[in-house]
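This briefing introduces a protein structure to a reader who has not met it before. Please consult the sequence and the structure shown below while reading the points that follow.

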Amino acid sequence: MTKAIYLDDPEGNGIEIYCESPEDGVFVMNDDIFFARRADGSLSNGREPRDVAASLRLLSPTDALAAPMAATTSIDHTHLHVADIRM
């Protein structure tokens, strides 16, 4: 599964930040049917609400939030949502 946060920048462009969270469950294809299965085995639509409090509990007082992302960070794909395109 994935966890995502959707933000708007000051110009109104959409930003999606997500991470894989296999500890929460998995996406499965079975006979060309896609579904998500939670870690407890129950089915999900794969769009679980984000538990912001649980995410914040993962931070420690020594985490440098203003530091650049780790060199091991990867970008899987990009969604571009533009607020205004003038032709």
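Three strands form an open sheet in the order β3-β4-β5, and their pairing is antiparallel. Two strands count as paired if DSSP finds at least two bridges between them. The edge strands, β3 (25–30) and β5 (43–44), each pair on one side only. This is a predicted model, in which local features need pLDDT of at least 70, side-chain atom pairs count only at pLDDT 80 or more, and totals for chains, interfaces and linings use all residues. Residues are numbered from 1 along each chain as its sequence is written, and side-chain values use heavy atoms, with hydrogens and water left out.

**The chain as a whole**

- The secondary structure of the protein chain consists of one helix and five strands; helices (H or I, at least four residues) and strands (E, at least two) are DSSP runs, numbered from the N terminus.
- Along the sequence, these elements follow the pattern β-β-β-β-β-α.
- Of the 87 residues in the protein chain, 10% are buried; buried means under 20% relative accessible area, exposed means over 50%, and partly exposed lies in between, with a 1.4 Å probe and protein chains only.
- The protein chain exposes about 7700 Å², of which carbon and sulfur atoms supply 58%; accessible areas come from the Shrake-Rupley method with a 1.4 Å probe, and for residues only the protein chains shown count as cover.
- Among contacts in the protein chain with a separation of 6 or more, 28% are between residues 24 or more positions apart; contact means heavy atoms within 4.5 Å.

**Pairing within the sheet**

- Strands β3 and β4 run antiparallel and are joined by six bridges.
- Two of the residues of β3 can be followed across to β4: valine 26 has arginine 37 as its bridge partner, and phenylalanine 27 has alanine 36.
- Strand β4 (residues 33–38) is joined to β5 by two bridges, and these strands also run antiparallel.
- On the β5 side, arginine 37 stands opposite leucine 43, while alanine 36 has serine 44 as its bridge partner.
- Arginine 37 is thus placed with valine 26 as a bridge partner and with leucine 43 opposite it in β5.

**The two hairpins**

- The hairpin of β3 and β4 has two residues between the strands, and aspartate 31 there takes a positive phi near 55°.
- Aspartate 31, in the loop between β3 and β4, is exposed, with a relative accessible area of 70%.
- Aspartate 32 also lies in the loop between β3 and β4; its phi is near 65°, a positive value in a residue other than glycine.
- The relative accessibility of aspartate 32 is 75%, so this residue counts as exposed.
- Four residues separate β4 and β5 in their hairpin, where glycine 41 in the turn has a positive phi of about 95°.

**The aromatic pair**

- How many aromatic pairs does a search of the whole structure find? The search finds one.
- Phenylalanine 27 and phenylalanine 34 form this tilted pair, at 5.4 Å centre to centre and with 35° between the planes.
- Rings of Phe, Tyr and Trp (its six-membered ring) pair if their centres lie within 6.5 Å; planes under 30 degrees apart count as stacked, over 60 as edge-to-face and the rest as tilted.
- Phenylalanine 27 counts as partly exposed, at 37% relative accessibility.

**A nonpolar surface patch**

- Ile5, Leu7, Ile15 and Ile17 form a nonpolar patch on the surface, and together they have about 320 Å² of accessible area.
- Strands β1 (2–8) and β2 (14–20) are the elements that give two or more residues to the nonpolar patch.
- Patches are made of residues with over 30% relative accessible area and no salt bridge, like charges being joined within 9 Å and nonpolar side chains (Val, Leu, Ile, Met, Phe, Trp, Tyr) within 5 Å; a salt bridge is a side-chain nitrogen of Lys or Arg within 4 Å of a carboxyl oxygen of Asp or Glu.
- Leucine 7, found in strand β1, is partly exposed, with a relative accessible area of 41%.

**The segment after the helix**

- Valine 82 lies in the segment after α1 (52–57) and counts as partly exposed, at 41% relative accessibility.
- Valine 82 and glycine 12 are 70 residues apart along the chain, and their C-alpha atoms are separated by 7.5 Å.
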